Amino acid sequence: LKLYAERTDLDVHTLGVYEVYNLSIYFCVTTLTGVGFGDVSPGGGYEVQLCTVTMFLTGFVWAWVIANVVNVVSNLDAFTVYFHKLNDDLNVLMESRGISRALQTRARKHL
């Protein structure tokens with residue numbers, strides 16, 4: 001906040017509520033996304049807003065990419081995926097038919 005005020009020749013005490021919240025959100029998003037503050041930073045209020053939105057959206061895109069990579073890696077073994085699906089279907093069937101817990105356990109051990 002102090003650095004922004006010095007760069008824009010403003011007094012920290014003259015900033016309005018909107019500017020303080022805008023800079024606070026920018027600080028939080030920059031810190032939490034790991035982008036860092038670096039040598040180049042936004043100079044005005046609109047630039048701070050644009051950087052905040054861009055970092056926020058980039059964080060979502062990065063999370064989506066990581067989730068898809070994890071999904072692909074976890075589905076590499078087709079037999080394990082098939083076994084888990086078969087086991088889930090068996091659990092749903094046994095639960096819907098009201099089969100006792102002891103018989104459910106025996107059926108799962110059979111698989």
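The following exercises, each with a worked solution, concern a predicted model.

**Exercise 1. Determine how many helices and strands the protein has, and how the confidence is distributed over its elements.**

Solution. Begin with the secondary structure: the protein contains five helices and zero strands, and from the N terminus on its elements follow the order α-α-α-α-α. Next, turn to the confidence of the prediction, for which the mean pLDDT of the protein is 83, with 89% of the residues reaching 70 or more. Finally, look at the individual elements: helix α1, which covers residues 2–7, has the lowest mean pLDDT at 68, whereas helix α4, which covers residues 78–97, has the highest at 90.

**Exercise 2. Describe the burial, the surface and the sequence range of the contacts for the protein as a whole.**

Solution. The first step is burial, and here 14% of the 111 residues of the protein count as buried. The second step is the accessible surface, which comes to about 8,900 Å², with 67% of this area belonging to carbon and sulfur atoms. The third step concerns the contacts between residues at least 6 apart in sequence, of which 42% join residues at least 24 apart.

**Exercise 3. Characterise the packing of α2 against α3, first by geometry and then by residues.**

Solution. For the geometry, the axes of α2 and α3 come within 9 Å and cross at roughly 35°, and the crossing in which α2 passes α3 is left-handed. For the residues, the α2 side of the contact includes Tyr18, Asn22, Leu23, Ile25, Tyr26 and Val29, and these belong to a set that meets α3 residues, among them Val48, Gln49, Cys51, Thr52 and Met55. The next step is to ask which residues form the largest nonpolar core, and that core has six: Leu15, Leu23, Tyr26, Val29, Val48 and Met55. Both α2 (17–33) and α3 supply at least two residues each to this core, and α2 gives the most, with three residues.

**Exercise 4. Decide whether threonine 52 is buried or exposed, and identify the residues that it touches.**

Solution. Locate the residue first: threonine 52 lies in helix α3, which spans residues 45–74. Because its relative accessibility is 9%, and the cut-off for burial is under 20%, threonine 52 counts as buried. Leaving aside residues up to four places away in sequence, threonine 52 touches Ile25, Tyr26 and Val29. A further spatial relation involves cysteine 28, whose C-alpha atom is 9.1 Å from that of threonine 52, although the two residues are 24 apart in sequence. Cysteine 28 itself has its place in helix α2 and is partly exposed, with a relative accessible area of 39%.

**Exercise 5. Work out the exposure class of isoleucine 25 and its C-alpha separation from valine 53.**

Solution. Isoleucine 25 is found in helix α2. Its relative accessible area is 46%, so isoleucine 25 is classed as partly exposed. For the separation, the C-alpha atoms of isoleucine 25 and valine 53 are 9.9 Å apart, while the two residues stand 28 residues apart along the chain.

**Exercise 6. Assign asparagine 87 and asparagine 91 to their exposure classes, and describe the spatial surroundings of each.**

Solution. Asparagine 87 is found in helix α4, and asparagine 91 lies in helix α4 as well. With a relative accessible area of 19%, asparagine 87 falls under the 20% cut-off and is therefore buried. Asparagine 91, at 24% relative accessibility, counts as partly exposed, because that class covers values between the cut-offs of 20% and 50%. As to surroundings, asparagine 87 touches Arg108 and Leu111, when residues up to four places away in sequence are not counted. For asparagine 91, the relevant partner is alanine 107, which is 16 residues away in sequence and 9.4 Å away in space, C-alpha to C-alpha.

Methods
Residues numbered from 1 in each chain as written. Predicted model: local features only at pLDDT ≥ 70, side-chain atom pairs only at ≥ 80, totals over all residues. Heavy atoms only, no water. Helix = DSSP H or I, 4+ residues; strand = E, 2+ residues; numbered from the N terminus. Buried < 20%, exposed > 50% of the residue type's maximum accessible area, 1.4 Å probe, protein only. Contact = heavy atoms within 4.5 Å. Core = buried A, V, L, I, M, F, W, Y, C linked by side-chain atoms within 4.5 Å. pLDDT = per-residue confidence, 0-100. Areas by Shrake-Rupley, 256 points an atom, 1.4 Å probe, with all protein chains shown as cover. Axes fitted to C-alpha atoms, helices over the stretch in contact; angles between N-to-C directions. Left-handed = near helix turned anticlockwise from the far one by under 90°.
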